[in-house]
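The following exercises concern one molecular structure and are each followed by a worked solution. Please study the sequence and the structure before attempting them.

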Amino acid sequence: MSQTIRLSRRGFLKGAAAAALVGPYVVTSGALGAPGKPAASNRLTVAHIGIGNQGSGHFGGMLGNRSAQILAVCDVRKTVRDQRQKEVDARYGQERESGEYQGCAAYNDYHEVMARADIDAVIIAVPDHWHAIVSCAAARAGKDIYQEKPLTLDIHEAWTLVDYVRRYGVVFQTGSQQRSDTKFRHACELVRNGYIGKLQTVHVGVGGPSEEKYLPEEPIPPGLDWEVWQGPAPWKPHNSERCSGNYGGGWRMIRDYSGGMMTDWGAHHFDIAQWGMGMDGNGPVEVLAPDKDNKQIRYRYASGVVMYHGGANGVLFTGTDGKVEVNRGHLKTWPDDLARATIGPNETHLYASNDHRGDWLHCIKTRSRPICDIEVGASSITVCHLGNLCYWLGRNIKWDPVKKEIIGDAEASRWLDRPKRAPYRIA
Amino acid sequence: MKSLALFCMAAFLVILGAGRLPAADAPAAASPADLKAQFAKELDTLLPDMSSDDLGKRRNAQNKFSEMCLAAGRPGADAERTAICTVILPKLGAETGEEGRVWLLRQLQYVGRAEAVPAVAALLADKTPRIRECARRTLQAIPGDEAVQALRGSLAKADTDEWRVAMINALAQRGDAGSVAAIAKFLTGANEACALAAAAGLGKIGGPKAAAALAAAEAKASDKVRFVVHDA
């Protein structure tokens, strides 16, 4: 493997401004750019790592983005990466006089992406148990990152990833795209500005935690690198259900790989709840286990607000003077007219983004923190993970949101950092 | 007195039968010997199915025992935790099926402490690679110096580079400052994977000794390792 070069491509280009070109040099139309398309040197170069259900959406979006260029695709399934490589080459080939383009690389190993100094940014949509390892590697390689939610598989990974992103100064967008939806933003602004009075409770309607799955062994399909697919997770025999990206099941519902719907949807709705409560970077102080009066867990915040896991899919904020209920394509308030309230110029206006991936791309240019910056993702996923822990252990969990520690429960604390199967580690 | 003890044990059996000990109703009256006897009885009943080819039976047996283990790990229930770990230890050998052994090691990863270290450490040399790796992860999670000593000992005796990397990763993830010297000697060794693991590991451990070891190795390290050294 070639040595990883720390200096980014864009940094190099800035530094090379004084160099003189000697001799005849043919400048391609691609290099010069074309009407509506930036010159090659101004296009963001991107690699996609993990191109399953969710990754495909990002791939399609970036392929059609004229200010970006996909230089590599990476997936442990050979058929997937070969197919995507062909699609990239075909699309970019259409823009050339020759009709040919073979500039997209296809990798099984993400290290090869990280080793390329000519790749500016990565979009990471691998299964959850790989998120932290790949993103930390990307941060260390100086690449800006769009990483799908849920941020990580455990709490320690989340805050380690915060350290990496801050240390290496990369732009990190967590894929909790509901924050780039006007309905969710308006709902949270109503709450934050006191339009429903003093907030008392929040209800978050998402499914439950993941669990152990007992699946029969099946032959490994040709082209799937099952060893690497498992990566840091405990070894299990292959079964197609294990590595299925099925939104309602597959790896999402298996504890060694994911936190179930508590994290898969929780990274959306608990994230909105945190936003509405003004709790980014912070969190609850206790998670209460189900009891005879409550079939599901509750979170207690230092402010006195209680957040309930349960209810219809979405988020319901209840205050002393009203309520706001929000979901995709849905906003309902009590009283009715609150939904049409205009947030005043001197009131709190939350970060406005109407395009989650576009916000990330913009922040890459401006070198600013996007709407779901790493700390937002970390504090939101911490809420989800604490909830799962409470379900799995069947007891209350006391949490210090500043120190990021479980209080008074040494055995519960072991779940904060799950040992990884060798040789995999956050490097 | 005997009837009271029998009553407590009966209550405890009812609770165990439910698969979980309620957090607020720990059977404080049960002696350590009673606890151990009851957990042993449960494990003897469940253990054969923990490795069953019938995945439904395996799931039920493993889940039921895991609920007991996790409940025994609650604050204030150290007598239960010790008892259940004690009954697990003799069952870690090869006479228990592989799936059962993996599952028992996972429970010790969750609730085992010093009492579990000798038996788990012995499995670092098991002939089954999967068992060795499960034992390694269990020791990584068990708090206390006993587990560290076991990991360090295994690193010293390791005869493959893969195992050395695995041990370095475990010690580094524990943040064990006492392992700096043991890890640092791999920084400039012949095997690149070990050197990279050592560099990354010392970065995780941090502190003046780790920093000094990294600085000392910089000039002698390969380019690839030097990059990680700088980073660390």
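## Exercise 1: The surroundings of a tyrosine

Tyr301(A) counts as partly exposed, with 19 C-beta neighbours inside 10 Å. The model examined here is a predicted one.

**Task.** Determine where Tyr301(A) lies in chain A, and state which residues beyond its neighbours within four places in sequence are in contact with Tyr301(A).

**Solution.**
Step 1. Tyr301(A) is located in the loop that runs between strand E9 (298-300) and strand E10 (306-309) of chain A.
Step 2. A residue is buried if 20 or more other C-beta atoms lie within 10 Å and exposed if 12 or fewer do. The count for Tyr301(A) is 19, so this residue is partly exposed.
Step 3. Once the neighbours within four places in sequence are set aside, the contacts of Tyr301(A) are Met277(A), Met279(A), Pro284(A) and Val285(A).
Step 4. For Pro284(A), the C-alpha to C-alpha distance to Tyr301(A) is 4.3 Å, although 17 residues separate the two in sequence.

## Exercise 2: Two residues with positive phi

**Task.** Arg367(A) and Lys404(A) are to be compared. Is Arg367(A) buried or exposed, and in which loop is Lys404(A) placed?

**Solution.**
Step 1. Arg367(A) is not a glycine, yet its phi is positive, at about 55°. Its place is the loop between H12 and helix H13 (374-393) of chain A.
Step 2. Arg367(A) has 10 other C-beta atoms within 10 Å and is therefore exposed.
Step 3. Lys404(A), also a residue other than glycine, has a positive phi near 60°. Lys404(A) is in the loop between strand E14 (397-400) and strand E15 (405-406) of chain A.
Step 4. Lys404(A) has 17 C-beta neighbours inside 10 Å and so counts as partly exposed.

## Exercise 3: Cis peptide bonds

**Task.** Describe the peptide bond from Lys149(A) to Pro150(A) and the one from Trp334(A) to Pro335(A), and place each proline in chain A.

**Solution.**
Step 1. The bond that leads from Lys149(A) to Pro150(A) is cis, and its omega is near -5°. Pro150(A) belongs to the loop between strand E5 (144-147) and helix H7 (155-168) of chain A.
Step 2. The bond from Trp334(A) to Pro335(A) is cis as well, with omega near 0°. Pro335(A) is found in the loop between strand E13 (330-334) and helix H12 (356-366) of chain A.

## Exercise 4: Helix packing in each chain

**Task.** Establish how H7(A) packs against H13(A), and how H4(B) is arranged with respect to H5(B).

**Solution.**
Step 1. The axes of H7(A) and H13(A) are 9 Å apart, and the helices pack at an angle of about 175°. Angles over 145 degrees count as roughly antiparallel, which is therefore the arrangement of H7(A) and H13(A).
Step 2. On the side of H7(A), the residues are Ile155(A), Ala158(A), Trp159(A), Leu161(A), Val162(A) and Val165(A); they meet Ile374(A), Glu375(A), Ala378(A), Ile381(A), Thr382(A) and His385(A) of H13(A). By class, this contact comprises nine nonpolar, two polar and one charged residues.
Step 3. In chain B, helix H4 (residues 78-88) and helix H5 (residues 98-111) have axes that come within 11 Å and cross at roughly 155°. H4(B) is therefore roughly antiparallel to H5(B).
Step 4. The crossing of H4(B) past H5(B) is left-handed. H4(B) contributes Arg81(B), Cys85(B) and Ile88(B), while H5(B) contributes Leu104(B), Gln107(B), Leu108(B) and Val111(B). Five of these residues are nonpolar, one is polar and one is charged.

## Exercise 5: Domains and chains

**Task.** State how chain A is divided into domains, and find which element of chain B gives the most to the side that touches chain A.

**Solution.**
Step 1. Chain A consists of domain 1 (9-13 + 25-177) and domain 2 (178-346 + 375-427) by the domain assignment. Their centres, taken over C-alpha atoms, are separated by 27 Å.
Step 2. The contact between these domains takes 31 residues from domain 1 and 40 residues from domain 2. On the side of domain 1, helix H4 (78-94), helix H6 (128-140) and H7 of chain A each give two or more residues. That side divides into 15 nonpolar, 11 polar and five charged residues.
Step 3. Between the chains, the contact takes 29 residues from chain B and 21 residues from chain A. The elements of chain B that give two or more residues are helix H3 (55-72), H5, helix H7 (129-141), helix H9 (161-173) and helix H13 (223-231).
Step 4. H7(B) gives the most, with six residues. By class, the side of chain B has 13 nonpolar, four polar and 12 charged residues.

Conventions:
Residues numbered from 1 in each chain as written. Chains lettered and ligands numbered in written order. Predicted model: local features only at pLDDT ≥ 70, side-chain atom pairs only at ≥ 80, totals over all residues. Axes fitted to C-alpha atoms, helices over the stretch in contact; angles between N-to-C directions. Helix = DSSP H or I, 4+ residues; strand = E, 2+ residues; numbered from the N terminus. Parallel < 35°, antiparallel > 145°, perpendicular 65-115°, else oblique. Left-handed = near helix turned anticlockwise from the far one by under 90°. Contact = placed C-beta atoms within 7 Å. Nonpolar A, V, L, I, M, F, W, Y, C, P; charged D, E, K, R; others polar. Domains from an automatic or database assignment.
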